[in-house]
Structures are given as structure tokens and as C-alpha cells.
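Me: I have a structure to go through, and I want the reason behind each label. Can we take it question by question?

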Amino acid sequence: MNTYTARPVEPSVLNELRTADDAGRPMTAFTDDEGGAPLRCCLRRSAPGERIALVSYAPLRRWAAATGAAPGAYDEQGPVFVHAEECPGPDLDGHPFANAHRVLRRYSAEGRILGGELVDAPDDDAFRTAFDDPAVALVHVRAVEYGCFLYEVRRP
């Protein structure tokens, strides 16, 4: 069992993103013929033939709105893949998307970046190290290649 839990994009947020994403654009669904897209709704890779969408998502902005933080310039939005229709969410066994190097980006309760670390793969040890700093409120796991947001982990 993991001490640190990967958090997918919440269902209520997914419903909003499927109407208009965080850049204000309507969702455009497509059939993923090849599969392999990292889905942020269920934290797995898409299978060939699934209906998915690429939407703009601002995870820190949404967290800040719920907590009263003010991330300032750290408020960024970027592309994420989601199922075009509601899905059952994650069925996790371990940490998702752990098959490659990842960046763990640490944020304070004010929404300011506290640093990042390149890890071989996200695991409990890497998150424990990130949360050893008491100022860290949450961690974003990001892809190295494009810097895309994959999921969030909060202090247990």
C-alpha cells in the first residue's frame, strides 16, 4: 500500500473540462487509434479505440482557488488527456506512470514553487523526501519530455 496517493483530476473538474477547458475552449473528442495517451482522469494509458480529448488544465490554479493560495506567476495551464466521457476513475496498484524519469515539483501552501527533483520513477521514497520539508504542501508529478502535469500528491 502506498503512503502517498496519486490524485487524478477530480470528477467535478472533469465535468467542467469536458464543457470548456481552463483556456475557455470547448472539448474536442477523438478516437485514439494507437493508444498510450496518459489519461489524468483514471491515471492509466489509453487503449486503442478509446474516445479521449486533449484539454487545457490549470491544476495549481484550481487548488489555489479551493485553498486561498495565490500562486502568482506559478499559475500555469497545460495540456492533459482525459476520457471524453465519464470513466470509473483510477484503480491504482502502485504509483501511476512510473515507467520513466519524472520531475517532482514541490509547492508551498501559498502556491509558490519550492523546487523540483528529477527521479528515476515516482515512489514512496521520492515523495517522503519531497515532504521532508515541512513547507511543502503538495507535489506535482510531471513528465520530463514536455513538462506535462501527470498528477498531484498531497501531504498525507
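Me: Where does C41 lie?

Reply: C41 lies in the loop between β2 and β3. Keep in mind that this is a predicted model.

Me: What makes C41 buried or exposed?

Reply: Its relative accessible area is 2%. Buried means under 20%. The value is under the cut-off, so C41 is buried.

Me: Which residues does C41 touch, leaving out those up to four places away in sequence?

Reply: Among them are P8, L14, R18, F81 and V82. H83, C87, G89 and P90 are also touched by C41.

Me: How far apart are C41 and A20?

Reply: They are 21 residues apart in sequence. In space, C-alpha to C-alpha, C41 and A20 are 16 Å apart.

Me: Let us turn to D33. Where does D33 lie, and why is D33 called exposed?

Reply: D33 lies in the loop between β1 (29–32) and β2. Its relative accessible area is 64%. Exposed means over 50%, so D33 earns the label.

Me: What does D33 touch, not counting residues up to four places away in sequence?

Reply: D33 touches P48 and G49. D33 and P48 are 15 residues apart in sequence, yet 4.9 Å apart in space, C-alpha to C-alpha.

Me: Why are Y4 and F131 called a stacked pair?

Reply: Take the distance first. The ring centres are 5.6 Å apart, and rings pair if their centres lie within 6.5 Å. Now the angle. The planes are 5° apart, and under 30 degrees counts as stacked. Both values pass, so Y4 and F131 form a stacked aromatic pair.

Me: What parts of the chain does this pair link?

Reply: Distant parts. Y4 is in the segment before α1 (11–19), and F131 is in helix α3 (residues 124–131). The two are 127 residues apart.

Me: How do you know whether Y4 and F131 are buried or exposed?

Reply: Y4 has a relative accessible area of 8%. F131 has 5%. Buried means under 20%, so both residues are buried.

Me: How many aromatic pairs are there, and which residues form a cluster?

Reply: The count is 3 aromatic pairs. Ring pairs link Y4, F127 and F131 into a cluster.

Me: Which residues have the most contacts inside the largest nonpolar core?

Reply: L104, F127, F131, V139 and Y151. The largest nonpolar core has 17 residues. At least two of its residues come from each of α3, β8 (136–143) and β9 (149–154). A second, separate core has 16 residues, including L17, A37, C41 and I52.

Me: What about R40? Why is R40 said to have no salt bridge?

Reply: The nearest side chain of opposite charge is E145, 9.4 Å away. A salt bridge needs a distance within 4 Å, so R40 has none with E145. R40 is nonetheless buried.

Me: Which backbone oxygens lie by polar atoms of the R40 side chain?

Reply: The backbone oxygen of P38 lies 2.7 Å from one such atom. The backbone oxygen of F149 lies 2.8 Å from a polar atom of the same residue's side chain. R40 itself is found in the loop between β2 (38–39) and β3 (44–45).

Me: What makes R105 and E76 a polar contact?

Reply: Their side chains come to 2.4 Å. The cut-off is within 3.5 Å, so the pair meets the distance limit for a polar contact. R105 lies in strand β6 (residues 102–108).

Me: What stands out about phi in L43 and F97?

Reply: Phi of L43 is near 55°, a positive value in a residue other than glycine. F97 has a positive phi of about 55° and is not a glycine either. L43 is found in the loop between β2 and β3, and F97 in the loop between β5 (78–83) and β6.

Me: How do you know whether L43 and F97 are buried or exposed?

Reply: L43 has 5% relative accessibility. F97 has a relative accessible area of 8%. Under 20% means buried, so both residues count as buried.

Technical notes. Residues numbered from 1 in each chain as written. Predicted model: local features only at pLDDT ≥ 70, side-chain atom pairs only at ≥ 80, totals over all residues. Heavy atoms only, no water. Phe/Tyr/Trp six-rings, centres within 6.5 Å; stacked < 30°, edge-to-face > 60°. Helix = DSSP H or I, 4+ residues; strand = E, 2+ residues; numbered from the N terminus. Buried < 20%, exposed > 50% of the residue type's maximum accessible area, 1.4 Å probe, protein only. Lys, Arg positive; Asp, Glu negative; His and termini not counted. Polar contact = N/O pair within 3.5 Å; in protein donor to acceptor, adjacent residues only side chain to side chain. Core = buried A, V, L, I, M, F, W, Y, C linked by side-chain atoms within 4.5 Å. Contact = heavy atoms within 4.5 Å.
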